[in-house]
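Here is a walk through one protein model, starting at its metal site and moving out to the surface. Have a look at the structure first.

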Amino acid sequence: MAKSKKEVKNQLDPKDCTACDSTSQMITKARKDGVILHFDRAADMKACPIGADSACCKNCFMGPCRLNPRDPYKKAGVCGATIDTIMARNFARAVAAGAASHTDHGMAMLELFRDVVNGKVLDYEIKDEFKLERVAKSLDIETEGRTPKEIATDLYKQLESTYTQVDGEIPFTKRVPQGTLDTWRKLGIVPRGAMREIMEMMHRTHMGVDQHYKNITKQASRTALSDGWGGSMVSTEISDILFGTPSPINVGVNMGVLKEDMVNIIIHGHEPNLFESMLVSVNEKTLVESAVAAGAKGINLVGMCCSGAEMMSRHGVPHAGNFSSTEAIMVTGAVDAMAVDIQCIKQGLAAVAQCYDTPLITTNTRAHIEGATHVEFEEHNPSACTDEIVIKAITRFKNRRHEIEIPKAVNDGVQGFSHEYIEYMLGGAFRGGYAPLNENIINGRIRGVAGVVGCTNPRVKQDDSHVKLVKELIKNDVLVLLTGCAQIALAKAGFSVPEAAHYAGPGLQEVCETVGMPPVLGLGSCVDNSRILIAASAMVAQGGLGNSIADLPVAGAAPEYMSEKAIAIGQYFVASGVYTVFGVTFPTIEDTKFHNYLFDGLESEGIGKWDHAIDPIEMAHKMIAHIDKKRKELGIDK
Ligand code: CUV
C-alpha cells in the first residue's frame, strides 16, 4: 500500500526531480493523491557512504567487513582482503550480473529462433531473410543455393556456442577488428562462452580465490566481452531476423501518447517477443470490438523502457517514457494495464498500480512480483497470455473510477537507426575514397562519435544530464549515437528531428543537412549497444582511422546509469577500446590501486579506460579531449 505523503521526508520540488515536464506534472499529482514514487523513496533513503565507495564485503560470513573509505589501507577484511580486492570483486560481480542479464535475454531469443526454425513454434517467423543471410555470412556460413531453414539451422548451432562453448573463441569475434582482437589475445581476454565466463567470474570472486585486483579485472573484461560481442549481439541480431531490422521511422514519444478515450496498455521490460505478440492481440477483431463495446475508441498499445525502444524502432509503436517515468505514468489514471517481463521493473510499481486499480501483470517465469498478477507468457501459445492482458485492460477501462490527467506532450522524431542503416547512410566507400562517415571525420566536419547510453537514476535529475551532455557534444561537432533510456530522454527533449541539426556545430550541421538526418541517432535498447560495437568495427574496416577500436576518435558515456547491466556495458566498451565516462557515482575510492587501474592502467594495456564526472558539461569536455587526443594520434588534427 502507498504511504501517505506525510511520511516522506526531504521531498524535492518536482522540477528538481526531473527535466521531463510530463513526469514532473505526475509527481505533483501523485503528491496530491498521496502516492509514493521512486523519487520520494530516493529522498527518504540516504545512500550508504561505505557501500557507495564499494568499501564493504559480504562475500563470506566472517564479516560483513567494512573498511574506511577515507583511510582505505588502514585495515583489511577478516580474511585479509585489501580494499583493492574488495572493490575489484564487487565490481566484477556487478559485471557478472549485468552480463548474465543480457546473455540470458539473448539466449531466450535464440531458443525462440531455434523453435521457429524447427517448426515447434508457429506464431513467429523469420521476417528478415536478408538479415539472416547477412549474419550467416559474417560467420562464414555458406548461404549460396541454400534454403533459409538450412542457413538458420547452421546459424543457430554456431550462435549457441556463444553461451555453451567451454573453450575457444565466441563466434562474433569474427567481427572484431584485427588490431582489437590481437590485443585481446595478448591479454588473454577473448571470451570462450558466456556461461563459462560468468561461472568463472562468480567462482573467482568467492572468498579465498582470486585476490589480485588486476587478475579479477582481467576476468571481468572477458565476462563483459561475452555480453557485448556475445549475448547482447546475439539478442540484437536474432531479434532483427525474427521481427525485422529497424529503419528510420517517425514515432511519438512522451506521456501524451496515452489516449483518454482508448484502452491504454503499456508494455515495459526487455524481451521483444511478448511485445510482438501484444501487437497481434490488440489488433484482434473480437478484442477491438469488445473494447468498443466497453465505450472505448479502440486499444492503444504503447511501450516503455527497452522493449518499448525496440518496438518503437522496428514498428513505430509510440513510447511513453523511460525508467524514471514507469511509476509516474500510472498516476495519469489512464493506464488500463501494465504488463512487464524482465529487468528494470521496480517492485514499487505494484503499490502504485494498486492505488489506481491498474492491473500490473508479470509474464515471465523469471520475474514475479508480490502483489502483481502473474500470467505466464508462453511462446508456443502467446495469445493465451496477451489476449488475457487485453481483456484485463478492457475490464479496467469499463470500470475506470479515477480522475484522469494525461500530460499533453508528444515529441515526434525519427528513430530506428540500425547499424545496417547507419552503414547504408554513412558507410560504403565510393570513387575509391573513404566512406562518408570516415571521410567527414578525417576532414574534421565530424570531430568524433560518442555513444550516450544507459538509464535514468533518481539520485540525479531525470534526463537532465543526458540532454545537457548531448547538447554540448553535438555543439562541438560530435555525432551522438543513443540507446535505451538516454535515447528516450533526447527524444522527449526534441533532438530526434533533422531540424535539431541547428544545435550542432557547423561541421556536423552540414553533414546532417546533406544526409537529412538528426544530429543524434537512436539505435534502440540496451542490448542494441552491440550495434554501436558493430558500427565501430565498420568504421575501422572502412579505413583511414587506424586498425583497432582503440584508435578511433570515439567515446562512450552513461551519465545517469543505475543498473549492474550498465557496469557490464561500460566494461565491454572499455575492453573493446573505448574511453567510457559514467555519471552519478562510481563504485571505487579515488587514489586506490584498483581505481587507478580502471581509470588509467587499462589504457596502457591497449584497451580503453573508465572515467567519472557528475557535471554533464565536464563530462562532454572529457570526451572531447579524448576524441582530440585520438585525432592527434591519427594525424587528422588540423
Ligand atoms: Ni535496458 S538498463 S533503465 S531499461 S537503459 Fe533504461 Fe534500458 Fe537502464 Fe533499464
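Let's start inside: C306 and C526 are both buried, where buried means under 20% relative accessible area, exposed over 50% and partly exposed in between, using a 1.4 Å probe and protein chains only. Keep in mind that this is a predicted model, in which local features need pLDDT of at least 70 and side-chain atom pairs count only at pLDDT 80 or more, while totals for chains, interfaces and linings use all residues. Residues are numbered from 1 along each chain as its sequence is written, and side-chain values use heavy atoms, with hydrogens and water left out.

What do these two cysteines do here? Together with H270 (NE2), C306 (SG) and C526 (SG) are the protein donors of the nickel atom of the ligand, and they lie 2.3 to 2.5 Å from it. Donors are N, O and S atoms within 2.8 Å of the metal (3.2 Å for Na, K and Ca); water is not among the atoms, so sites may look incomplete. Along the sequence, the donor residues follow the spacing H-x35-C-x219-C. C306 sits in helix α13 (residues 305-315) and C526 in the loop between β13 (520-522) and α21 (529-542), so the pair ties together parts that are 220 residues apart in sequence. Helices (H or I, at least four residues) and strands (E, at least two) are DSSP runs, numbered from the N terminus.

Now for the disulfides: the structure holds 0 of them, counting a pair of cysteine sulfur atoms within 2.5 Å as one. Two cysteines show how the sulfurs miss each other, being too far for a bond in the case of C79 and of C305.

| Cysteine | Closest cysteine sulfur | Relative accessibility |
|---|---|---|
| C79 | C60, 6.1 Å | 33%, partly exposed |
| C305 | C485, 4.4 Å | 4%, buried |

On the outside, M62, V78 and M207 form a nonpolar surface patch with about 260 Å² of accessible area together. Patch residues have over 30% relative accessible area and no salt bridge, with like charges joined within 9 Å and nonpolar side chains (Val, Leu, Ile, Met, Phe, Trp, Tyr) within 5 Å. M207 is in the loop between α9 (194-204) and α10 (213-243), and is partly exposed at a relative accessible area of 30%.

Finally, the whole fold: the protein has 24 helices and 16 strands. Its radius of gyration, taken over C-alpha atoms, is 24 Å. Of its 638 residues, 62% count as buried, and the C-alpha atoms fill a box of roughly 65 × 65 × 50 Å along the principal axes.

Key. Areas by Shrake-Rupley, 256 points an atom, 1.4 Å probe, with all protein chains shown as cover. Salt bridge = Lys/Arg side-chain N within 4 Å of Asp/Glu carboxyl O. Rg over C-alpha atoms; globule rule 2.2 N^0.38 Å.
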